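Student: Could you take me through the salt bridges in this protein, one pair at a time? I'd like a close look at which parts of the chain they join.

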Amino acid sequence: MTTVNLRTPDLQRALADYTQVLGFDGQQHVPGVFARLLHGPLCVQLWAFGATPGRWEQPTPGETTFAPQHHRVEVVGLHALHASLRCALLRPCRTRLAGRTLLHAQRLGSDSPQWMDWCAWESTLLDIDGHVLHLIDRAPWRPGAPARHPPGTEVTE
């Protein structure tokens, strides 16, 4: 399982986004400090920006403002994860202003993972705080993993 740590200026809002919009399951939550969430092979740990450090954590020197970041995350089974995220994001949301519309469809970078020239599958996910998760799967070359072959190639066995 792959774990990514994300800082958030509003933990409750980020937690609601990951569980209600992106379809993550909550595993652990310390209000105002931390939340651990799972979606298939991806584990996200949300940390409140500006929370008082715990017994072992130290504040980051010089860090005074929140800024979203790009995170490179290697996962196994990107195609299944992408399909599950896409299904969660395409659920219509009921709002007073927009009615029933697909508000979150653009948060996945594409309709399916893309084959990259550097021999891996890749997709991106944008969260509510602006963090970009670059999800990468090198499964075609992992021993014992189901093979996913690049588009346009034929496999002979």
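Tutor: Sure, let's start with the count: there are four salt bridges here, where a salt bridge is a side-chain nitrogen of Lys or Arg within 4 Å of a carboxyl oxygen of Asp or Glu. Keep in mind that this is a predicted model, in which local features need pLDDT of at least 70 and side-chain atom pairs count only at pLDDT 80 or more, while totals for chains, interfaces and linings use all residues. Residues are numbered from 1 along each chain as its sequence is written, and side-chain values use heavy atoms, with hydrogens and water left out.

Take Asp 129 and Arg 13, whose side chains meet in a salt bridge at 2.3 Å, N to O. Asp 129 sits in the loop between strand 9 and strand 10 and Arg 13 in helix 1, so this pair ties together parts 116 residues apart in sequence. (Helices, H or I with at least four residues, and strands, E with at least two, are DSSP runs numbered from the N terminus.) Asp 129 counts as buried at 10% relative accessibility, while Arg 13 is partly exposed at 35%. Here buried means under 20% relative accessible area, exposed over 50%, and partly exposed in between (1.4 Å probe, protein chains only).

Helix 1 also holds Asp 17, and Arg 107 lies in the loop between strand 7 (99-101) and strand 8 (114-116), so their pairing ties together parts 90 residues apart. Their salt bridge is 2.7 Å, N to O. Asp 17 is buried at 3%, and Arg 107 is buried at 6%.

Now for Arg 86 and Asp 111, with their closest N and O atoms 3.3 Å apart. Arg 86 belongs to helix 2 and Asp 111 to the loop between strand 7 and strand 8, 25 residues apart. Arg 86 is partly exposed at 26%, whereas Asp 111 is exposed at 58%.

One more acid deserves a look. Asp 127 is in the loop between strand 9 and strand 10. Asp 127 is buried yet has no salt bridge, and the nearest side chain of opposite charge, Arg 107, is 5.9 Å away. (Lys and Arg count as positive, Asp and Glu as negative; His and the chain ends are not counted.) What Asp 127 does have is a polar contact from its side chain to the side chain of Tyr 18, at 2.9 Å. A polar contact is a pair of N or O atoms within 3.5 Å; within protein, one must be able to donate a hydrogen and the other to accept it, and residues adjacent in sequence count only if both atoms are side-chain atoms. The backbone nitrogen of His 131 also lies 2.9 Å from a polar atom of the Asp 127 side chain.
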